[in-house]
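Reader: I should like a close look at a single part of this model, set in the context of its surroundings. Please treat the matter in one connected account.

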Amino acid sequence: MIALISEANSSSIAYAICRIDESGRFHDKDIIETASWLPGERLQVQFIRGVAAFTPTPYGPLSVPRRRSVAVPSHTRRLLGLEPRDKALLAAAPESRIVIVYPKSAIDEMVRRFHSTGLNR
């Protein structure tokens with residue numbers, strides 16, 4: 001998350017609203033290309049404030065599928081409250097090669113905070 005925050009002022013971050021398929025995968029060419037993930041590359045996932053951050057690591061428990069997608073394991077989907085056909089916001093940062101999955105609940109919270117802050121100005 002820190003890496004994404006440090007890159008947030010850059011126009012290089014890719015965003016996509018994606019629908020999760022029946023297999024628990026998000027497919028978006030721009031997200032995968034921005035993260036520069038390769039098939040078979042190992043990943044780890046961390047949960048931070050209701051979102052999941054996927055980062056490359058040599059001995060991660062997950063791997064990038066051959067069809068280059070963001071594969072979200074079932075336990076991760078449960079923690080995020082994601083069901084097949086749900087949409088989520090994905091953000092990819094090229095320098096850190098991180099992909100963050102923001103489920104609807106996290107997007108709702110961001111929008112609520114943004115607008116509640118704006119009303120207090």
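Is Thr76 buried or exposed, and what is its relative accessible area?

Author: In this predicted model, Thr76 is buried, and its relative accessible area is 0%. The residue belongs to helix H3, which spans residues 74-80. Leaving aside residues up to four places away in sequence, Thr76 touches Val45, Phe47 and Ala52. Of these contacts, Val45 and Phe47 fall in strand E3 (42-48), while Ala52 falls in strand E4 (51-56).

These two strands lead to the sheet. It is an open sheet of 6 strands in the order E1-E7-E8-E4-E3-E5, with antiparallel pairing. Strand E1 (14-19) and strand E5 (62-63) stand at the edges; each has a single partner strand, so one side of each lacks a neighbour in the sheet. The partner of E1 is strand E7 (residues 87-93), joined to E1 by 6 bridges in an antiparallel arrangement. Within this pair, Ala14 has Ala92 as its bridge partner.

The sheet also contributes to the nonpolar interior. The largest nonpolar core has 23 residues, and Phe26, Trp37, Val70, Leu90 and Val101 have the most contacts inside it. Two or more residues are given to this core by each of E1, helix H2 (29-35), E4, E7 and strand E8 (98-102). A second, separate core has 10 residues, including Ile13, Ala53, Leu89 and Ile98.

Within the largest core, Trp37 merits attention. Among the residues that Trp37 touches, with those up to four places away in sequence not counted, are Ile32, Leu43, Phe54, Pro56, Val64, Val70 and Val99, as well as Arg68 and Arg97.

Glu41 offers a further point of reference, placed in the loop between H2 and strand E3. Glu41 has a relative accessible area of 19% and is buried, because the limit for that class is under 20%. Its contacts, on the same sequence exclusion, are Ser36, Pro56, Leu62, Ser63, Val64 and Arg97. Pro56, Val64 and Arg97 are thus touched by Glu41 and also by Trp37.

Finally, there is the largest pocket, with a volume of about 330 Å³. Its lining comprises 11 residues, of which Arg49, Val51, Ala106, Met110 and Arg113 are the closest to its centre. Helix H4 (residues 104-119) supplies the largest share of the lining, 5 residues. By class, the lining has 6 nonpolar, 2 polar and 3 charged residues.

Conventions. Residues numbered from 1 in each chain as written. Predicted model: local features only at pLDDT ≥ 70, side-chain atom pairs only at ≥ 80, totals over all residues. Heavy atoms only, no water. Pairing = 2+ DSSP bridges. Helix = DSSP H or I, 4+ residues; strand = E, 2+ residues; numbered from the N terminus. 1 Å grid on protein atoms, 1.4 Å probe; cavity = no way out; pocket = protein on both sides within 12 Å on 5 of 7 lines; lining within 4 Å. Points joined across faces, edges and corners; volume = space filled by probe spheres on them. Nonpolar A, V, L, I, M, F, W, Y, C, P; charged D, E, K, R; others polar. Core = buried A, V, L, I, M, F, W, Y, C linked by side-chain atoms within 4.5 Å. Buried < 20%, exposed > 50% of the residue type's maximum accessible area, 1.4 Å probe, protein only. Contact = heavy atoms within 4.5 Å.
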